[in-house]
Structures are given as C-alpha cells and as structure tokens.
Amino acid sequence: MGLPMASRLAEDLDVRGFDIAAARLELGKDAGVLPCGSGREAVTGADAVLLAVRDSAQLNDVLFGENGVADAMSPGAVVILTSTVGTEGIAEVVAALAERGIELVDAPLSGGPARAG
C-alpha cells in the first residue's frame, strides 16, 4: 500500500521513498517519488514519515533496528503508521519515539492497495 500512497502524495508534495524491493523504488520514481538508497536517507529532514509495514516486528526493525530510521529523524517530526499492526507493542514504540521528540499517529488504512491510491 505504500507505493500507491506515495505516488498519490507525490502529485502535490515532495516525497522521498525507500523500499527494500528495487522494482518498487523504480515504480515510485516513475510516479514522481524521489528514490533514496536507505530509509535513513529518506527520512532525514522530513517533518512527516509515512510507514506501511507488515507487522509490529517489521515496524520495530524499520524504526529501531540496525538501520532504523528513528535516530535519523528530527525532534518534532511525526511518524504516520498506516498499517494495522495491532495494539500490542504500540505503547512501547510511542514511548521510544517520544524519547527522541518524535510523535506517532496510528492511522491504519483499509481497502488495500487499490483504495490507497
């Protein structure tokens, strides 16, 4: 769902993106999304970071793992989580982000990729 959302946002905003699948990055580029070589590069200097992940384990890895983006984000930034990852563990994620001055908006979407674009 991340690609359709990023593509739609790129119609009106400057959007940087990263995906572990190179083909998805290329599709994003074709839709006006500036491809980045890493998640950290994509979020540096961003006011808002939109995340579409599969589950809470992937959320924690993306934010706080070896190449986690949380430490590359500026205080005052916000993470918008569009995935339904469940409530278990979200409080810990919110607290860990808050320690860095970053907020989280839990905004799960429904409708799949077709409705995301």
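A nonpolar surface patch, as I use the term, joins side chains of Val, Leu, Ile, Met, Phe, Trp or Tyr within 5 Å, from residues with over 30% relative accessible area and no salt bridge. A salt bridge is a Lys or Arg side-chain nitrogen within 4 Å of an Asp or Glu carboxyl oxygen. Areas are Shrake-Rupley, 1.4 Å probe, with only the protein chains shown as cover.

Ground rules next. This is a predicted model: local features need pLDDT of at least 70, side-chain atom pairs need 80 or more, and totals for chains, interfaces and linings use all residues. Numbering runs from 1 along each chain as its sequence is written, and side-chain values use heavy atoms, without hydrogens or water.

Now the sheet. Strands are DSSP E runs of at least two residues; helices are H or I runs of at least four; both are numbered from the N terminus. Pairing takes at least two DSSP bridges. We have an open, parallel sheet of 3 strands, order β3-β4-β5. Its edges are β3 (48-51) and β5 (103-106), each paired on one side only.

Look at β3. Strand β4 (residues 78-81) pairs with β3 in parallel, over 4 bridges. V49 has V79 as its bridge partner. L51 sits opposite L81.

Now the faces. In a regular strand, side chains alternate between the two faces of the sheet. In β3, V49 and L51 are on the covered face, A48 and L50 on the uncovered one.

So where does L50 end up? L50 is partly exposed (between 20% and 50%), at 36% relative accessible area. With L9 and L13, L50 makes a nonpolar surface patch of about 250 Å².

Definitions and conventions. Buried < 20%, exposed > 50% of the residue type's maximum accessible area, 1.4 Å probe, protein only. Patch = residues over 30% accessible without salt bridge, like charges linked within 9 Å, V, L, I, M, F, W, Y side chains within 5 Å.
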